[in-house]
Amino acid sequence: MVAVQVAATNFIAVSKPLREALKSANLLKSLKLNTLISGEKGTGRHSLAKVMMPDVPIFHGDDPALFQLMANHSRCIVDRFEKIEHPPKFFQFVQKHGKHVVAIAEDGMDVSKNSFFSVRLTLPSLVDRPEDIPPLTEKFKKEVFSLFGEGEKGISDFEVDMERLDIRENAFSLRKSVVLQYLSSRIDEDEILAINEAFIGGRMESEEDLYRKMLYLYEVPLIRAGTKRYGSQLKMSKAFGLNRNTLKKKITEWRRYF
């Protein structure tokens, strides 16, 4: 299935839940219905809100000047809605002044007993809609190539390892995974050494037995790569020039990373 995109927001909807949410958002563009969009961070809540209201300001629910900011706008998006200190006061303000609001909230906010929102849209996490992962990955690939000035010509030469993608924070961690994989495919030896130096340097004052503790930065990726390359500990120990028992000891020592 081809990804459905909105040019202004790049809202990607391949999975059924997001296609339905996108359809609802497009229908709501011309309707003055207060809407609540909820879900985890990185699920596309802001992009969907911009589909409904592409040219309106976004205010934050925890901004002390929220009412003053809204005063000069008949339509607006209110982010961090769950952080509004007095929701009833907010609802009264909106109704009294005839405002049209699209609110964005984190999962778990209880508004079931309130009739202020005519429409409620909940966006599921990426783990529940894996169909959206490949097109989002392609989108982030294009972003990173543009960011580093490579253009789209070389994108086909960069293959993302889909098994290594992190979706624990939905699109945020997915984008980070793509960027890190890109950098690891372009980074050279001196840059790796510089990164390790900066990482270790920030921990030298607070750590004891630092040399042994920091060995995992070399040994863990070496063992991981060896496992993929050789498949067995016997072959790996020969390639590494290590006694098999020594290798087993290393794997046991760093087992939390495997």
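Reader: Which residue does R175 form a salt bridge with?

Author: This is a predicted model, and in it the closest N and O atoms of the pair are 3.0 Å apart. The two partners come from distant parts of the chain, with R175 in helix α6 and the other in helix α5, 32 residues apart. R175 itself counts as partly exposed, because its relative accessibility is 29%. The partner of R175 is E143.

Reader: And which other residue does E143 form a salt bridge with?

Author: Stay in helix α5 for this one: E143 and its partner are four residues apart there, so about one helical turn separates them. The closest N and O atoms of this pair are 2.7 Å apart. The residue you're after is K139.

Reader: Is K139 buried or partly exposed?

Author: Take E143 as a reference point: at 31% relative accessibility, E143 counts as partly exposed. K139 has a relative accessibility of 16%, and the cut-off for the lower class is under 20%. Therefore K139 counts as buried.

Reader: R212 and E253 form a salt bridge too, so how many residues apart in sequence are the parts that the pair ties together?

Author: The closest N and O atoms of R212 and E253 are 3.4 Å apart. R212 lies in helix α8 (residues 210-214) and E253 in helix α11 (residues 244-253), so the parts they tie together are 41 residues apart.

Reader: Which residues do salt bridges that share partners join into one network?

Author: E143 pairs with K139, and R175 pairs with E143. Those shared partners give one network, made of K139, E143 and R175.

Reader: Back to the helices: is α5 oblique or roughly parallel to α6?

Author: The axes of α5 and α6 are 9 Å apart, and the packing angle is about 50°. Angles under 35 degrees would count as roughly parallel, and 65 to 115 as roughly perpendicular. With its angle of about 50°, α5 is therefore oblique to α6.

Reader: What is the handedness of the crossing of α5 and α6?

Author: You've already got the angle of about 50° for this pair. As for its handedness, the crossing of α5 and α6 is right-handed.

Reader: Which residues form a nonpolar patch on the surface?

Author: One of them, F148, lies in the loop between α5 (133-147) and α6 (171-186). F148 counts as partly exposed because its relative accessible area is 42%. Together the patch residues have about 390 Å² of accessible area, and they are L147, F148, L180 and L183.

Conventions: Residues are numbered from 1 along each chain as its sequence is written. This is a predicted model: local features need pLDDT of at least 70, side-chain atom pairs count only at pLDDT 80 or more; totals for chains, interfaces and linings use all residues. Side-chain values use heavy atoms; hydrogens and water are left out. Patches are made of residues with over 30% relative accessible area and no salt bridge: like charges are joined within 9 Å, nonpolar side chains (Val, Leu, Ile, Met, Phe, Trp, Tyr) within 5 Å. Accessible areas come from the Shrake-Rupley method with a 1.4 Å probe; for residues, only the protein chains shown count as cover. A salt bridge is a side-chain nitrogen of Lys or Arg within 4 Å of a carboxyl oxygen of Asp or Glu. Helices (H or I, at least four residues) and strands (E, at least two) are DSSP runs, numbered from the N terminus. Buried means under 20% relative accessible area, exposed over 50%, partly exposed in between (1.4 Å probe, protein chains only). Axes are lines fitted to C-alpha atoms, for helices over the stretch in contact, and angles run from 0 to 180 degrees between N-to-C directions. Angles under 35 degrees count as roughly parallel, over 145 as roughly antiparallel, 65 to 115 as roughly perpendicular and the rest as oblique. A crossing is left-handed if the near helix is turned anticlockwise from the far one by less than a right angle, and right-handed if clockwise.
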